[in-house]
Amino acid sequence: MSRSIRVLIADDEPLITAGVRTVLESASDIEVVAEAENGRDAVDQAMRHRVDVALVDINMPVMDGLTAAERLRLRSPAVRIVMLTAFGDEPNVMRALQNGAAGFVLKNCSPGELIGAVRAAHAGDAFLSPAVTRQVLGLLTPVEARRRHEAARRLEDLTARESDVLRLVAEGLSNADIGRRLHMTETSIKTYMSRILAKLGCANRVQAALLTRDAAPLG
């Protein structure tokens with residue numbers, strides 16, 4: 001039997017923490033091993049308890065969640081970080097994207113979405129809350145939009161199969177799900193993802209997925 005996914009919850013609102021813990025512990029493969037009320041404690045607790053996934057609130061005292069996530073990634077790159085966000089945090093989400101966050105979920109998301117985000121992050125995949133994605137893309141400044149559209153043109157360099165893989169990544173599917181959809185092995189999908197990220201100049205799946213969604217025709 002494989003061991004449970006070890007999770008840290010970092011949020012300064014006790015009710016949010018309690019709710020997230022209840023949801024996660026309803027999943028047989030997830031274990032909440034630590035909690036933190038501020039960013040500095042989150043980094044310490046994550047290291048002390050050797051967590052696999054850290055659920056980190058963006059707005060926390062002492063040290064904000066973005067800074068905590070960046071420091072945690074420097075100290076323990078293997079820890080997968082999922083940002084907990086609320087409406088109004090979109091510019092911060094952009095910063096987190098640039099620093100390799102593995103996923104984003106809204107605090108009022110469904111239990112299934114929260115559990116799915118933890119599992120996807122642990123598996124090395126990315127989880128994009130559709131609501132968060134829409135907010136981020138809707139707040140792009142003209143400069144950011146031009147930069148993204150310039151990068152989006154590089155999508156034309158992808159092969160047909162690479163485009164198929166990336167399209168499914170943008171839909172939020174895991175490597176395993178994409179493999180089943182395209183009748184390919186999970187290892188092959190990982191190889192395709194490496195090629196795709198290199199061609200697009202993206203650091204991770206989240207950036208590639210947002211790039212794809214941004215390049216899609218409006219309407």
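This section describes the secondary structure, strand pairing, helix packing and selected residues of a predicted model.

The chain contains 11 helices and 6 strands. Of its 219 residues, 51% are buried. Among the contacts in the chain with a separation of 6 or more, 67% are between residues 24 or more positions apart.

Strand E1, which spans residues 5-10, is mostly covered, with 5 of its 6 residues buried. E1 pairs with two strands. With strand E2 (residues 30-36), the pairing is parallel and extends over 6 bridges; within this pairing, Val7 has Val32 of E2 as its bridge partner. With strand E3 (residues 53-57), E1 also runs parallel, and the two are joined by 4 bridges. Here Leu8 is positioned opposite Ala54 of E3. The connection from E1 to E2 involves helix H1 (residues 14-24), and the three elements form a β-α-β unit of right-handed sense.

Helix H1 also takes part in a helix-helix contact. Its axis comes within 9 Å of that of helix H5 (residues 111-122), and the two cross at roughly 75 degrees. Because angles of 65 to 115 degrees count as roughly perpendicular, H1 is assigned that orientation relative to H5. On the H1 side, the contact is made by Val20, Val23 and Leu24, and on the H5 side by Pro111, Leu114, Ile115 and Val118. Classified by residue type, this contact comprises 7 nonpolar residues, with no polar and no charged residues.

A further helix pair is formed by H8 (residues 160-170) and H10 (residues 186-200), whose axes lie 10 Å apart and pack at an angle of about 95 degrees. H8 is therefore roughly perpendicular to H10. From H8, the residues Arg161, Glu162, Val165, Leu166 and Val169 are involved, and they meet Ile189, Tyr192, Met193, Arg195, Ile196, Lys199 and Leu200 of H10. The contact of H8 with H10 has 8 nonpolar and 4 charged residues, and no polar ones. Charged residues are thus present in the contact of H8 with H10, whereas the contact of H1 with H5 has none.

Two residues were examined for their backbone conformation. Most residues other than glycine have a negative phi. Val62, although not a glycine, has a positive phi of about 70 degrees. Val62 is located in the loop between E3 and helix H3 (65-75). With a relative accessible area of 57%, Val62 is exposed, since the exposed class begins over 50%. His183, likewise not a glycine, has a positive phi of about 60 degrees. The position of His183 is in the loop that lies between helix H9 (175-182) and H10. His183 is also classed as exposed, at 74% relative accessibility. Both Val62 and His183 are thus loop residues.

Arg73 is situated in helix H3. At 29% relative accessibility, Arg73 falls in the partly exposed class, because this value lies between the 20% limit for buried residues and the 50% limit for exposed ones. The C-alpha atom of Arg73 is separated by 9.4 Å from that of Val43, a residue 30 positions away along the chain.

How values were computed
Residues are numbered from 1 along each chain as its sequence is written. This is a predicted model: local features need pLDDT of at least 70, side-chain atom pairs count only at pLDDT 80 or more; totals for chains, interfaces and linings use all residues. Side-chain values use heavy atoms; hydrogens and water are left out. Buried means under 20% relative accessible area, exposed over 50%, partly exposed in between (1.4 Å probe, protein chains only). Two strands pair if DSSP finds at least two bridges between them. A crossover is right-handed if, with the strands pointing away from the viewer, the path from the first strand over the helix to the second runs clockwise. Axes are lines fitted to C-alpha atoms, for helices over the stretch in contact, and angles run from 0 to 180 degrees between N-to-C directions. Angles under 35 degrees count as roughly parallel, over 145 as roughly antiparallel, 65 to 115 as roughly perpendicular and the rest as oblique. Contact means heavy atoms within 4.5 Å. Ala, Val, Leu, Ile, Met, Phe, Trp, Tyr, Cys and Pro count as nonpolar, Asp, Glu, Lys and Arg as charged, and the others, Gly among them, as polar.
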